Every structure is written in structure tokens, then in C-alpha cells.
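Work through the exercises below with the model open. Try each task before reading its solution.

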Amino acid sequence: MTPHRPILLLSILMTCCTPAPAPVAGPPLPPDVLGATDPKAKIVMVGVFHFASPGLDAYKPVHTFDVMSSDRQTEIEEVAALLARFQPTKIAVEFRPERQARMDELYAEYLRGEYELGTNEVYQLGFRLARMMGHPRVHLVDAPARHYFTEEEYSEKLAWLEKSGA
């Protein structure tokens, strides 16, 4: 053994065993008014096409979709059952919030067996899933449309899409 090894070993041990410096105290943290330390909400977002397209969207479906056929109803029930596995505590659907009172009435009728589900995805998935979960209501949420183009630019782009078959 060379005489330098013990010194080298000792310096390694001293480096490993040296305590970490104490943290430097900074300014006090502001109060948590936004709830940043609260448990985070878990959100599952499900996007679907309009089951009963009233033709109001810029996109016009090429294929028909009979939401009321027995095969489609079975598929929708299966999707709702899969979504129920997430155990949602609230169901929110895309519908104007100012219609909440009417939607509450329809949902209550549905729960009593007095309303047959309409073809809209809000009813087919939203109502069905909320009932499976035992929820007293379906929450309506919507956001105003954002327009990134002028009317003229939008019309030109729409005409180009229609012409190109996109």
C-alpha cells in the first residue's frame, strides 16, 4: 500500500460525511389564497362528435349515424359503463349554462322514467352516465366561440375546404 491511499480514502470519507449546508431563509411565502396546496382535482374529458348533428357546425358529416339503433345504443351503454369506472363525482356537458333549469327538469323526468333520451350526446352519454353514478344533476358548461379570422377570411377558408373536399 502506498502512503497516499489512506489520505485519499480519508478525504473521500470526509467529503461524504460533511453535513449539507443549512437552507438559506428567504422571504415568507404569501398566503395560499388560490388553494395551490389543496388536493388536485382529477378530470376526465371525453370528446365525442355530435350524435344528432343539426347541421349547424362548419363540418358536415359524410356518414350517417343512427344513434337510436339497437347496436349504437349497446355501444353507448358500453362507453357509459367504461366511463363509470372512473367514478366521476360530477358530469359536465357542453350546453349553454343558462339552460340549466330546463336541463334539470329533463333529467328529473328521465330519472322518473318519464323522458326518453333524445339523440343528442348530452342525453345519450351525459344523462345515462349521471344516472349510473346516482348524480342528482348534470352540469352545463360552455365557452363562447373564439373567432380567429374575420368573416371574410372565414368564408374564404370554408369555400376552399369545400372545394378541396377536405
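**Exercise 1. Trace the fold and its confidence.**

Read along the sequence, the chain runs α-α-β-α-α-β-α. That comes to five helices and two strands. Helices (H or I, at least four residues) and strands (E, at least two) are DSSP runs, numbered from the N terminus. Residues are numbered from 1 along each chain as its sequence is written. The model is predicted: local features need pLDDT of at least 70, side-chain atom pairs count only at pLDDT 80 or more, and totals for chains, interfaces and linings use all residues, while side-chain values use heavy atoms, with hydrogens and water left out.

Task: state where in the chain confidence is lowest and where it is highest.

Step 1. Take the average. The chain has a mean pLDDT (the predictor's confidence in each residue, from 0 to 100) of 80, and 77% of the residues score at least 70.
Step 2. Compare elements. H1 is lowest, with a mean of 45, and H3 is highest, at 96.
Step 3. Look closer at the weak part. Residues 6-17 stay under 50, and the model has one contact beyond four places in sequence for them. Contact means heavy atoms within 4.5 Å.
Step 4. Draw the consequence. Where pLDDT is low, the predicted coordinates should not be read in detail.

**Exercise 2. Find the core.**

Task: name the element that gives the largest share of the largest nonpolar core.

Step 1. Define the set. A nonpolar core joins buried Ala, Val, Leu, Ile, Met, Phe, Trp, Tyr and Cys residues through side-chain atoms within 4.5 Å. Buried means under 20% relative accessible area, exposed over 50%, partly exposed in between (1.4 Å probe, protein chains only).
Step 2. List the hubs. The largest core has 23 residues; among those touching the most other members are Phe-95, Met-103 and Tyr-123.
Step 3. Assign elements. H2, H3 (100-111) and H4 (121-133) each give two or more residues to this core. H4 gives the largest share, six residues.
Step 4. Check one hub. Beyond its neighbours within four places in sequence, Phe-95 contacts Met-103, Val-122, Tyr-123, Leu-140, Val-141 and Asp-142.

**Exercise 3. Classify two loop residues.**

Task: decide whether Val-44 and Met-45 are exposed or partly exposed.

Step 1. Place them. Val-44 is in the loop between H1 (4-17) and H2 (70-84). Met-45 is in the loop between H1 and H2.
Step 2. Apply the cut-offs. Val-44 is partly exposed because its relative accessibility is 46%. Met-45 is exposed because its value is 78%.
Step 3. Add a distance. The C-alpha atoms of Met-45 and Ile-91 are 9.9 Å apart, with their positions 46 residues apart along the chain.
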